[in-house]
Protein chains: 2
Amino acid sequence: MGLPIPIETSARHIHISQADFEILFGKDKTPTFKADLSQPGQYVCHERITVKGPKGTFENVALLGPCRPETQVEISMTDSRKLGVPGVIRQSGDTEGTPGCTLIGPEGSLDIDHGVIVAKRHIHMTPVQAIQLNVRDNDQVFVITESYERSLIFADVVVRVSPKFNLSMHVDTDEANAFASDSTPSVTILKLFGGQTYNLQKWADEIQSGITRI
Amino acid sequence: MGLPIPIETSARHIHISQADFEILFGKDKTPTFKADLSQPGQYVCHERITVKGPKGTFENVALLGPCRPETQVEISMTDSRKLGVPGVIRQSGDTEGTPGCTLIGPEGSLDIDHGVIVAKRHIHMTPVQAIQLNVRDNDQVFVITESYERSLIFADVVVRVSPKFNLSMHVDTDEANAFASDSTPSVTILKLFGGQTYNLQKWADEIQSGITRI
C-alpha cells in the first residue's frame, strides 16, 4: 500500500449536456476550453453559469467540459444551505430524485428538476494503481489525511477505477476545510476490519454496547 | 464507554474582556444576557460586533458572556480565508502568537494584535463522565461521528474535564459540514492503539512503509 494519494478540492461546478448548453449560450454553441483538470480529458471552460435556488444564488459558477449526457450541478453542503435545496450526497451521474435549480446563461435560462448533488468523496485511480493499493472499483475505503493539528479519517470513500483516471482523491470545500491541509495534502488508504467494508455507525453502536472489534 | 456524546457546532463568535467591551460599547457598559448556551454559566449576548481583517469583514458576530480576562475571536478555517488572516488552530485561551484583527462596536473600535483562533475540536465533560468514558483532562482521542453517507473519524480531539461542564463535543462549521449531520448528531469515543495517544501522520507513514498496527 505504498502510494500516497494526492487530495484535491472540488469547488462548486457544473457538468452540462449539449442541449442545455445551447439553451443558456445560444444555438450551435459549444463550451470552450480554458484549462486542463487533473483527470485526463476533463477541462474547465471559459463559460460561467449562474445557479439559482429558492433561497440564494451563485454567480459565475465554473463549467467543466466536455459535455455530458446529463446536466449535473455539484455543490458543497454549505452551498446547499445557501441555495435552499436539500444537500443530497451522491456519486456523479446518480441524480435520480435529487433537487433541481435554475441555471442562467447569457442567452437564456433553464429549470432543471433534478441534478443538484453534493458529490460523495471518492478516489480516482487506474487499474494498475488499484492492484497496487489492493482495492477494486466501487470499494468503500477509509483514508487517513495527513494534516497538521487536525487529522481525520474519512469513511465512506468510494474507489473509482478507470484507465482514463489519474490517482487523486476528490473532496469538496467543506471536507477540505475540516482538516488543515498544507499545500500538497495527501491521504493513505487504511484497511480496517481486514479490508472489509464496514459501517461506522454500526461500529459506534458496537462500542456503545461494549463490543471491541479491533 | 456507553455514553453517546452530543455534538454541537460553534459558529464564529467572540469572548471579550471588560476593558475591551467598554472601548466598543461605552464606559461602564457590560454585556447583556440574551440566551443560555449548553455549557453552564455561558450565554450569548444581545450585543454584536464587527470583525475586520485585511481581506474581509464579518458583521454582527455573536458575543458570548461573561467577560473573560482576554479577548478572543473564534472563527472557522473558511472564515480565516475570508478575513485574510492565517487560520491558527488553538485551544481556547492559548492565543500567544495568533493573528489579530480589528473589532468595531457602536461606540468605538479596537485593534487586537493577537487572539484570532480556529478552535481545536474538543469534548467538554464532567469528572464523573471522564471516569465513565475512561479518559482524562487534555487526553487527545479519536471519535466516530454517526452520520448518513458521510461518516468520519476525527483525530486530535481534546478532552476538557471540569465540574462546570456539560457533556458535549464542539466542532466548527467546517467540521460540521464535512459530515452530514442529522438533527441530533452524536459521537462515540474510539480507543485505537490501546487508548494511547498516537499520531495519525505517523500511522499513515507506517502504512506507507508496510507496517500494520491494528
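Q: What area is buried between chain A and chain B?
A: About 3800 Å², with carbon and sulfur atoms giving 55% of that area. Bear in mind that this is a predicted model.

Q: Which three residues of chain A supply the most of what chain A buries against chain B?
A: Arg150(A), Asn177(A) and Gln208(A), which together supply 18% of the area that chain A buries there.

Q: And how many residues does each chain put into the contact?
A: Chain A gives 44 residues and chain B gives 44 residues.

Q: How many polar contacts and salt bridges are there between chain A and chain B?
A: There are 21 residue pairs in polar contact, counting pairs with both residues at pLDDT 80 or more. The salt bridges between the two chains number four.

Q: Which elements give two or more residues to the side of chain A that touches chain B?
A: In chain A they are the helices α2 (77–83), α4 (173–178) and α5 (200–208), along with the strands β10 (116–119), β13 (152–161) and β15 (186–190).

Q: Which one gives the largest share?
A: α5(A), with seven residues.

Q: What is the make-up of that side by class?
A: The side of chain A that touches chain B has 24 nonpolar, eight polar and twelve charged residues.

Q: Back to Arg150(A). What does its side chain meet in a salt bridge?
A: The side chain of Asp172(B), at 2.6 Å from N to O. The pair crosses between chains: Arg150(A) is in the loop between β12 (140–145) and β13 of chain A, and Asp172(B) is in strand β14 (residues 168–172) of chain B.

Q: Are those two buried or exposed?
A: Arg150(A) counts as buried because its relative accessibility is 1%. Asp172(B) is buried too, with a relative accessible area of 6%.

Q: What about Arg150(B), which network is it linked in?
A: A network of salt bridges that links Arg150(B) with Arg121(A), Asp172(A) and Glu175(A).

Q: How many salt bridges over all chains?
A: Twelve. One of them joins the side chains of Arg12(B) and Asp79(B), at 3.1 Å from N to O. Arg12(B) lies in the loop between β1 (5–10) and β2 (13–15) of chain B and Asp79(B) in helix α2 (residues 77–83) of chain B, so this salt bridge ties together parts that are 67 residues apart in sequence.

Q: Is that pair buried or exposed?
A: Arg12(B) counts as partly exposed, at 29% relative accessibility, while Asp79(B) counts as buried, at 5%.

Q: What does Asp94(B) form a salt bridge with?
A: Arg90(B), with the closest N and O atoms 3.5 Å apart. Asp94(B) is partly exposed, its relative accessible area being 39%.

Q: Where is Thr95(B) found, and is it buried or exposed?
A: Thr95(B) is in the loop between β7 (89–90) and β8 (101–104) of chain B. It counts as buried because its relative accessibility is 3%, and the cut-off for buried is under 20%.

Q: What does Thr95(B) touch?
A: Leaving out residues up to four places away in sequence, Thr95(B) touches Glu70(B), Gln72(B), Arg90(B), His114(B), Gly115(B) and Ile117(B).

Q: Change of topic: how many residues are in the largest nonpolar core?
A: It has 43 residues. Those with the most contacts inside it are Ile123 and Met169, in chain A and in chain B. In soluble globular proteins, nonpolar side chains tend to be buried together.

Q: What is Ile123(B) in contact with?
A: Not counting neighbours within four places in sequence, the contacts of Ile123(B) include Ile5(B), Val141(B), Leu167(B), Met169(B) and Ile189(B). Arg160(B) and Ser168(B) are also among them.

Definitions and conventions:
Residues are numbered from 1 along each chain as its sequence is written. Chains are lettered from A and ligands numbered from 1 in the order in which they are written. This is a predicted model: local features need pLDDT of at least 70, side-chain atom pairs count only at pLDDT 80 or more; totals for chains, interfaces and linings use all residues. Side-chain values use heavy atoms; hydrogens and water are left out. A nonpolar core is a set of buried Ala, Val, Leu, Ile, Met, Phe, Trp, Tyr and Cys residues joined through side-chain atoms within 4.5 Å. Buried means under 20% relative accessible area, exposed over 50%, partly exposed in between (1.4 Å probe, protein chains only). Contact means heavy atoms within 4.5 Å. Buried area is the accessible area (1.4 Å probe) that two parts lose on being put together, summed over both. A polar contact is a pair of N or O atoms within 3.5 Å; within protein, one must be able to donate a hydrogen and the other to accept it, and residues adjacent in sequence count only if both atoms are side-chain atoms. Helices (H or I, at least four residues) and strands (E, at least two) are DSSP runs, numbered from the N terminus. Ala, Val, Leu, Ile, Met, Phe, Trp, Tyr, Cys and Pro count as nonpolar, Asp, Glu, Lys and Arg as charged, and the others, Gly among them, as polar.
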